[in-house]
Amino acid sequence: MAPPQENTTVIKGKSTSGIRRRSLLAGVAALGAAGAVGAATGCSRVDVSGATDGGHLLDDLRRKGTVRMGIASEPPYASINSKGELTGEAPAVAKTIFRRLGIKNFEPVPVEFGALVPGLHSFQYDVIVAGMFINKARCAAVLFSDPDYESKDAFLVLKGNPKKINSYADIAKGKFRMGSGIGYAEIDYAVGNGVKKSAIQTYGDQIAGMEALEAGRIDAFAGTALTMIEALKTGQHPKVTMTRPFTPEVDGKPQRDGGGYGFRIGETKLRDAFNRELQKMKKSGELLRIARPYGFTEEFMTDLTAKELCKK
């Protein structure tokens with residue numbers, strides 16, 4: 001499930017509320033073996049044992065003709081634009097699939113990222129449509145579709161990449177100063193490659209990281225490539241560029257991550273029907289065509305499965 005929501009904190013002159021999809025904060029493991037959403041999320045404990053016999057939500061949604069989508073505002077995955085419209089890669093893919101399942105209407109329910117899983121279990125919406133990273137802890141509380149994208153890391157660096165930073169090993173070898181976000185998994189990847197914690201500074205977001213780069217406080221800012229692509233679209237920091245996306249490694253092992261769609265435990269009929277349509281879109285190339293306008297390219301497509309990621 002989503003890690004616990006952090007308090008709003010001012011970091012290097014920027015504010016940040018909450019955590020992002022691939023946080024490795026210890027709180028991500030707050031789910032008990034009984035499958036309860038606990039106090040770590042700031043909500044009461046709820047039963048997540050789920051439906052039986054594959055569930056009946058698919059039939060219910062077809063009868064109602066409307067699916068409620070839980071989203072957290074984080075472009076390019078999902079957000080509400082300035083016109084009040086639901087946008088992003090995840091809603092675009094989900095709408096296509098639900099239409100093919102006989103559901104024509106879509107109701108977005110915006111919540112904080114840390115509230116996505118509790119909201120699912122309290123029936124505020126029918127499915128999480130937020131590009132949520134799939135991992136073992138979350139799989140104890142959420143029935144995930146297969147991932148529709150694979151995450152890659154990248155660095156924000158000064159134009160020309162004067163320090164020639166293209167990997168965490170480069171940062172360790174050059175004894176460079178790295179920035180990243182609060183709770184970002186990239187911090188763990190960096191430390192796993194020999195970067196000293198004392199050489200890592202945390203910032204509220206990529207914009208604050210770019211400001212630190214331009215001020216010479218850090219040599220690189222590490223994060224997920226897709227969020228950096230989105231941050232660079234502002235054009236407010238022309239001295240900053242992004243390195244080529246890559247899959248991080250720790251001890252020689254690739255750290256592959258992917259995000260998908262979350263359903264309540266037991267609703268296997270709906271999840272399986274969703275997966276069948278998703279696989280068709282992957283094979284035909286339609287998935288990439290839908291995702292490309294949001295910054296996704298071929299390198300973000302994946303053959304990972306939820307079963308594989310739920311073991312992580």
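Tyr77 and Tyr149 are both buried in this predicted model. Their rings form an aromatic pair of the tilted kind, with 5.4 Å from centre to centre and 40 degrees between the planes. The pair links distant parts of the chain: Tyr77 sits in the loop between strand 3 (66-71) and strand 4 (79-80), whereas Tyr149 belongs to strand 9 (residues 149-151), and 72 residues separate them.

Tyr77 also pairs with Phe296. Here the ring centres are 6.4 Å apart and the planes stand at 85 degrees, so the pair is edge-to-face. Again distant parts of the chain are linked, since Phe296 comes from the loop between helix 10 (286-291) and helix 11 (306-309), 219 residues from Tyr77. Phe296 is buried, as is Tyr77. Ring pairs extend this arrangement into a cluster of Tyr77, Phe133, Tyr149, Phe296 and Phe300. In total the structure holds 12 aromatic pairs.

The wider setting is a chain of 312 residues, of which 55% are buried. Its secondary structure consists of 11 helices and 17 strands. Of the contacts between residues at least 6 apart in sequence, 72% join residues at least 24 apart.

Helix 9 (residues 268-284) offers a way into the helix packing. The axis of helix 2 (residues 89-100) comes within 10 Å of the axis of helix 9, and the two cross at roughly 110 degrees. Angles from 65 to 115 degrees count as roughly perpendicular, and helix 2 and helix 9 are therefore roughly perpendicular to each other. The crossing of helix 2 past helix 9 is right-handed. On the helix 2 side the contact involves Val93, Ala94, Thr96, Ile97, Phe98 and Arg100; on the helix 9 side it involves Leu270, Phe274, Glu277, Leu278 and Met281. Sorted by class, the contact of helix 2 with helix 9 has 8 nonpolar, 1 polar and 2 charged residues.

Arg100, in helix 2, is one of the residues in this contact. Its relative accessible area is 44%, so Arg100 is partly exposed. Beyond its neighbours within four places in sequence, Arg100 is in contact with Glu277, Met281 and Glu286. Arg100 and Glu277 are 177 residues apart along the chain, yet their C-alpha atoms are separated by 7.8 Å.

Helix 1 (residues 57-64) meets helix 9 as well. The axes of helix 1 and helix 9 come within 7 Å and cross at roughly 75 degrees, which makes helix 1 roughly perpendicular to helix 9. Leu57, Leu58 and Leu61 of helix 1 form the contact with Lys269, Leu270 and Ala273 of helix 9. The residues of the contact of helix 1 with helix 9 comprise 5 nonpolar, no polar and 1 charged. Leu270 of helix 9 thus appears in the contact with helix 1 and in the contact with helix 2.

Leu270 leads on to Phe263, in strand 17 (residues 257-263). Phe263 has 0% relative accessibility and so counts as buried. Leaving aside neighbours within four places in sequence, Phe263 is in contact with Phe98, Leu120, Asp126, Val127, Val142, Leu143, Ser145, Leu270, Arg271 and Phe274. Among these, Phe98 is a helix 2 residue and Leu270 and Phe274 are helix 9 residues of the contact described above. The C-alpha atoms of Phe263 and Ile128 are separated by 6.6 Å, with their positions 135 residues apart along the chain.

Two further helices can be described by their buried residues. In helix 8 (residues 225-232) these are Ala225, Leu226, Thr227, Met228 and Ala231. The buried residues of helix 8 pack against strand 9, strand 10 (153-158), helix 7 (206-215), strand 13 (220-224) and strand 14 (240-242). Strand 9 is also the strand that holds Tyr149, the partner of Tyr77. In helix 6 (residues 185-192) the buried residues are Ala185, Glu186, Ile187, Tyr189 and Ala190. Just after helix 6 comes Gly194, with a positive phi of about 100 degrees.

Terms used: Residues numbered from 1 in each chain as written. Predicted model: local features only at pLDDT ≥ 70, side-chain atom pairs only at ≥ 80, totals over all residues. Heavy atoms only, no water. Buried < 20%, exposed > 50% of the residue type's maximum accessible area, 1.4 Å probe, protein only. Helix = DSSP H or I, 4+ residues; strand = E, 2+ residues; numbered from the N terminus. Axes fitted to C-alpha atoms, helices over the stretch in contact; angles between N-to-C directions. Parallel < 35°, antiparallel > 145°, perpendicular 65-115°, else oblique. Left-handed = near helix turned anticlockwise from the far one by under 90°. Contact = heavy atoms within 4.5 Å. Nonpolar A, V, L, I, M, F, W, Y, C, P; charged D, E, K, R; others polar. Phe/Tyr/Trp six-rings, centres within 6.5 Å; stacked < 30°, edge-to-face > 60°.
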